[in-house]
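Ready for a few exercises in reading a protein model? Keep the viewer open and work through the tasks at your own pace.

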Amino acid sequence: MMAYRIVGNVIELNCCKYAFGCKEFLQHSRSMTTSKRVQDRSEKKRVHDLEIVTEKWKIISKVLFLMEVLKKEPEQIISVRSLDQYRRQINLPKPHKISDFIRKSPKLFDLYKDQKGVLWCGMTKEAEDLVAEEERLLEQHSDKAAEHVTRLIMMSVEKRLPLDKIAHFRRDFGLPYDFRTSWVKKYPQHFRVVQSEDEIEYLELVSWNPAWAVTELEKKVNGVNGDIPRTPGLLSLPFPLKFPPNFKKVYRYGGKIDHFQKREYLSPYSDAHGLKAGSLEFDKRAVAIMHEVLSFTIEKRLVTDHLTHFRWELVMPQKLMRLLLKHFGIFYVSERGKRFSVFLTEAYDGAELIEKCPLILWKEKVQKLIGYRGRKRKIETFEDLTDMEDTSLFEMESGNENFDEELERGEFIDGLGDGLLADDVEMDVGEICNAYKDNKPS
C-alpha cells in the first residue's frame, strides 16, 4: 500500500505533489503524464525533424559498426557465421538473417561463398576508399579532439577521468580507433594515463590551459579572441533557445524562462565544491556543462546514458534526464529506440546540422550508399572471384584472439550499438511531474 498524507488541498505521494482545484494544475495536467516512461510526454514537445535525425543515426550506426568489425580483420573479410556474435550491437534479433542486413547495402558490402559453401562478407572498393578517407580525416581532427578531451578533464572535480568513460565519446568526439593504445600518448603536454590503486586507468590533466577554460558560449558572445579571464568565475550569458515549431504555449513559461536566463552561474571550468546539490545555481551550472559537452561533439548530439556516466566527475544531478526535459528549449531528448539521444537545439536547422565538420560530411557519404540499389545481386561463388589473387584467405578462420577483449574495453565500438538499455530510460511519475511543473508560470 502506497504511503501518502494530506496537507491542505495537496496530496503528497512518493515526494510528488498533486494539487487539486488550482488553475496551474489544470493548465499543466495536459502536459504531465501518468505513465512511467518518457516516451509518453506531450506530443507538442516533440520535434519531428530531430526524430528523423535519430532514425538516420540508428541505421548508419549499424553499418559503421560492421565496417569497423571488417577493418579489424586481417584481410578485412569475415564469415557471416562469425558476425552472429554481434547481433546485439547491430540490434538484429533472430530470426532475422545477418546476410539480409548486409545485402541492403551492396555498394558497401560484398557477399561471397567459398568452395565449402561458407558465406563470407567483405567491403567493396568504394567502402575501402571511404575507410581510408576516414583515417585521414581523423588524423586531421586529432588536435581538435585532444583539445576537447583536455577541456572535458578540466571540467572534472579531480582533473582526471576514467579512460573507460572517455571511450564512450570516441565517435562523438572524433577520436581515432587507436584511442586507448596510441593516441592518448601523443599529447603528453595535455594529459597522461595513470592507474589507481584498484587498477582503474585514468586520463589525468598535465597542465591547465587558461585559453581553453572559456566556454563555447562565451566564444560566440565575446568572439574567439575575446578577453581570457585568469580564473573562470561567474557567468551571466543566456543560453540560445529553440522551441518546437508547433509548441505555441511558450508564453505560459515566459517568466520562468526569463528568470532562469538572467540567473548567474558558475563556469563549467570553475571549482564547484561549494555548490549545494539541488540548488538553482547547481542546476544551472549542470545545464552549462551539458551545453559545453554537447558543443564538443561533432554532431552536437549524444546518447543520454553517455552523459549520465559523468554525473559524479562533472558534478551533475542524479536525475539528469529530468533536467534535460525541463530545459527543452536548450536541449531536445529523442526517445527513438532503446537508447535516448539528447540534441543541442541551437545547432540544428530543421533536420540539418548547421555547421558540418569534414567527419560529418564523410558520414553523409556513407549514408548515401546505404540501402538497396537496383535488384538484389546473386551471391557470387568462389570461382567468380576473378579479382582475388590470394584465394587462401577464404579458408582461414576469423582469427584475432584479442578481438572480444577489445570490444569489451570499447576499443572501437563504443556508442555504435543501439541495443543496450540506457541508465535513465525509465522514469517514475514524480520525475516527470516535477520536470513539467517546474516550467509553470512565475
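Below are four exercises, each with a worked solution.

This is a predicted model, in which local features need pLDDT of at least 70, side-chain atom pairs count only at pLDDT 80 or more, and totals for chains, interfaces and linings use all residues. Residues are numbered from 1 along each chain as its sequence is written, and side-chain values use heavy atoms, with hydrogens and water left out.

**Exercise 1.** Work out the strand order of the open sheet that contains strand 7, and find the helix that packs on it.

*Solution.* Start with the terms: helices (H or I, at least four residues) and strands (E, at least two) are DSSP runs, numbered from the N terminus. Two strands pair if DSSP finds at least two bridges between them.

- Step 1: the order is 7-9-8, and the pairing is antiparallel.
- Step 2: strand 7 (160-162) and strand 8 (191-195) are the edge strands, each pairing on one side only.
- Step 3: from one strand to the next, the twist averages 30°. For angles, axes are lines fitted to C-alpha atoms, for helices over the stretch in contact, and the values run from 0 to 180 degrees between N-to-C directions.
- Step 4: five bridges join strand 8 to strand 9 (residues 201-205), and F191 stands opposite L205 in strand 9.
- Step 5: helix 5 (residues 125-155) packs on this sheet, touching strand 7, strand 8 and strand 9, at about 90° to strand 9. Contact here means heavy atoms within 4.5 Å.

**Exercise 2.** Now repeat the analysis for the open sheet that contains strand 12.

*Solution.* Follow the path used above.

- Step 1: the three strands are ordered 12-14-13, with antiparallel pairing.
- Step 2: the edges are strand 12 (301-303) and strand 13 (331-334), each paired on one side only.
- Step 3: the twist averages 20° from one strand to the next.
- Step 4: strand 13 pairs with strand 14 (residues 341-344) over four bridges; F331 has L344 in strand 14 as its bridge partner.
- Step 5: helix 10 (residues 280-296) lies across strand 12, strand 13 and strand 14, and runs at about 90° to strand 14.

**Exercise 3.** Decide whether R170 is buried or exposed, and find a side chain that joins it in a polar contact.

*Solution.* Begin with its place in the fold.

- Step 1: R170 belongs to helix 7 (residues 170-173).
- Step 2: R170 has 2% relative accessibility, so it counts as buried. The classes are buried under 20% relative accessible area, exposed over 50%, and partly exposed in between (1.4 Å probe, protein chains only).
- Step 3: the R170 side chain makes a polar contact of 3.1 Å with that of E68. Such a contact is a pair of N or O atoms within 3.5 Å; within protein, one must be able to donate a hydrogen and the other to accept it, and residues adjacent in sequence count only if both atoms are side-chain atoms.

**Exercise 4.** How many salt bridges does the structure hold? Compare the settings of K71–E135 and D100–R103.

*Solution.* A salt bridge is a side-chain nitrogen of Lys or Arg within 4 Å of a carboxyl oxygen of Asp or Glu.

- Step 1: the total is 25 salt bridges.
- Step 2: K71 and E135 meet at 2.8 Å, N to O. This pair links distant parts of the chain, with K71 in helix 2 (residues 48-72) and E135 in helix 5, 64 residues apart.
- Step 3: D100 and R103 meet at 2.7 Å, N to O. They are three residues apart in helix 4 (residues 98-103), so about one helical turn separates them.
- Step 4: K144, E147, R151, E216, K219 and E292 are linked in a salt-bridge network.
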